Amino acid sequence: MKELWSLFPRSSSGSVTSNSPQAIGSPSMSSRLMQFAGFDFSNIDPSTLFDPASGLVFPGADLRLNIPQNPSTSFGQLARVNLDRNTLDSLQGDPLLALTGAGPATERIPVCRITALPSVDVERPGLPKGLTVADLPDIPADFYVHLITIFFSYFHQALPIINERQFFIEIMPENTHHAMLLNAIYAIGCLFSRHSTLFQAPFYGPHRASEYFANRAAGLIPTFAKTMSSFEKVSICQAALLLSVLDYGSRNAVRSWMYTGMGCRLSQKLDLPFSRTVNDFFSICNGVPKPAVVSSMEERKRVWWASFVIDTYVSISTGMNFLLNENDYFESLVDVEHLLSHDGAKFSGGDPVPSPPNSGSWVDIFCNKPYPTVFDSGRGMQDPVPVAASEVLSSTEETLHLVQLCFIIRKVFRFNKFPKNTTPSLTPNSVLLASLLSRPMDVNRLHDTLICWYEGLPSSFRLFDVLDRKPSFPLSSPKMTKPSSLCITVNLLFFTAVVLLHYRNLKKVDGAGLSPIQADSSFRMSSNGLNTSLYTSAEVCAVAYKCQCQIVRIAYGGTNATPSPSSRPPPELVSCPLVQCFLLPVATALLSQFQYGSQLTSLDVRPLSDYSTQLESLHALFLPVLDNIAQVWPTARSYAANLRSQSQIFREKWKGLL
């Protein structure tokens, strides 16, 4: 079977896009662009035109796209421009317009009237100092507070890399954080925001604004760190890890890998897996002492765990080998209380670092529901809605579930990635080296480990109580309360891990094999010894697909929710840019099987009741979901295009045999 990772999109330059002239001019694309832009088109009269300068509506006017070529041109002013292919591709999903009509991309494209969002550039009292950017003197601090609030409300919950309470205390009344970290936070916040400032000079769209702050952060990477404080060094490590995730979601895979390496190596250099940073034998030999780092155990653990998780994500999405070896740091990954120790002890909690006094003022500034965002734009401005501090502060106890799952996934990855059943030449030295190898893994052992781990999750974090229901696999009822972003991420990632383990066991189906898959059934979906139901690897993948479909619907608000390509994405599915990566493996694996692929592609028109395992088509759920995710993370477009391509290849291969 072809490597599963080779089917994942690599970058924008090598991926299929939907930006063909036909797709661009289609009504569905127009409606998605309009809704994504965050403007209210419900009351538009095509014969009118809104003039933002005067606030008047003029009948019979003709408005065309305004992509300001002159920095002095304000958003909303009237202009006529020609769009070529490079201009369209450079938009990166920033829908400043609604395209109408078909035809070559170089033609003038008429655009509907735009009702600009109300400005929220009103300074509030008590805002922290030191947040603004010197290059943008006209943008007030309130805008940056808005981006920071969005970052912690919608992104950080799924990757808690920062000790929020410590961060907010050290930002009030005057910011002391390194500018690289702040700009990385701004860059991520822009993707979720639909603030009116983002549509004005010098940004002209959320994704362009994100790129602006990301480039600013990259330019702040220090070249001489000896004079930096330990606080700044940890901030730079955090910023590098955030930029790696940002660039992955923005279809810049090469730069993402660079930042991942930088973040992982910095976390090792700073001894973040350990309770304290000390010089070792190699530091003395090289004459290069390790940088002094005085950080709390929680801060060390959060940054170290983020390095570990992001390193895992990169390998899942690319098939590349890991930078970190989980076996070397096992004791730092199993609980929330301990780190490694240089003193020879197995565990050490480390010395607590005193925190500055908490004035409490940060709660009034940052504990508000951010507005406007991609989830609610177009409704007009609202007064700030206070939220409890607990909704902003993340839990290391819950993050531990993600870290532990990543540990198991690494074992699955190594099991599938590297050759097995190889026998070295029987020389004295080869036998000696082979004795150093750890106990080999096998698919049954890894499968049982995954099932037992999932059953050991707290009930509030486990979306399915029972996975073992055969033959039709009905799933248990989801929890009544909507799960958190981290809970959704962990549950989706768990079933991705199951598929990554089993996809090599799937039997290839050729032109003569249209009958149900025949294979040895040797896997249980429950650790309960009283349950004797056995599954093939293909059936296990089918269970994973059904579970992921239900998880996605839960994120949309209910098990019967049906998203459309123009629906707004739920925050739980865009908090992590790797969610689209979690959806692709199961679909790719099942498309290798006619029994399941014919249902996923709607090739077989028989009713689902004719199947022992009923699977809904990709066009009914997964593809619209990827289109929705692309409103925040552009790389999801590449994944959607790739999945559509796989589906079309399957249909063309099998349609003549039915």
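Let's start with disulfides: with a disulfide taken as two cysteine sulfur atoms within 2.5 Å, this predicted model has a count of 0. Cys-547 is a good example, since its nearest cysteine sulfur belongs to Cys-549 and lies 9.3 Å away, leaving Cys-547 in no disulfide. Is Cys-547 buried or exposed? Its relative accessibility is 0%, so Cys-547 counts as buried.

Now for the protein as a whole. The chain folds into 22 helices and 4 strands. Of its 658 residues, 55% are buried. Among contacts with a separation of 6 or more, 73% join residues that are 24 or more positions apart.

One helix to look at on its own is H16, which covers residues 485-502. Helix H16 has 18 residues and spans 26 Å from its first C-alpha to its last, close to the 26 Å expected at 1.5 Å a residue. How many residues of H16 are buried? The count is 18 of 18, and H16 is described as mostly covered.

Next come two helix pairs. Two packed helices are described by the angle between their axes and the distance between the axes. Here are those values for both pairs.

| Helix pair | Angle between axes | Distance between axes |
|---|---|---|
| H4 (residues 141-155) and H6 (residues 179-192) | about 75 degrees | 8 Å |
| H19 (residues 579-590) and H22 (residues 635-654) | about 10 degrees | 10 Å |

Take H4 and H6 to begin with. Their angle of about 75 degrees falls within the 65 to 115 degrees that count as roughly perpendicular, so H4 is roughly perpendicular to H6. On the H4 side, the contact is made by Tyr-144, Leu-147, Ile-148, Ile-150, Phe-151, Tyr-154 and Phe-155. These meet Leu-182, Ile-185, Tyr-186, Ile-188, Gly-189, Cys-190 and Phe-192 of H6. By class, the residues of this H4 and H6 contact are 13 nonpolar, 1 polar and no charged.

H19 and H22 are arranged at an angle of about 10 degrees. Angles under 35 degrees count as roughly parallel, and H19 and H22 are therefore roughly parallel to each other. From H19, the residues in contact are Gln-580, Cys-581, Leu-584, Ala-587 and Thr-588. From H22, the partners are Thr-635, Ala-636, Tyr-639, Asn-642, Leu-643 and Gln-646. Which classes of residue make up the contact of H19 with H22? There are 6 nonpolar and 5 polar residues, with no charged ones.

Definitions and conventions
Residues are numbered from 1 along each chain as its sequence is written. This is a predicted model: local features need pLDDT of at least 70, side-chain atom pairs count only at pLDDT 80 or more; totals for chains, interfaces and linings use all residues. Side-chain values use heavy atoms; hydrogens and water are left out. Buried means under 20% relative accessible area, exposed over 50%, partly exposed in between (1.4 Å probe, protein chains only). Helices (H or I, at least four residues) and strands (E, at least two) are DSSP runs, numbered from the N terminus. The expected span of a helix is 1.5 Å times one less than its number of residues. Axes are lines fitted to C-alpha atoms, for helices over the stretch in contact, and angles run from 0 to 180 degrees between N-to-C directions. Angles under 35 degrees count as roughly parallel, over 145 as roughly antiparallel, 65 to 115 as roughly perpendicular and the rest as oblique. Contact means heavy atoms within 4.5 Å. Ala, Val, Leu, Ile, Met, Phe, Trp, Tyr, Cys and Pro count as nonpolar, Asp, Glu, Lys and Arg as charged, and the others, Gly among them, as polar.
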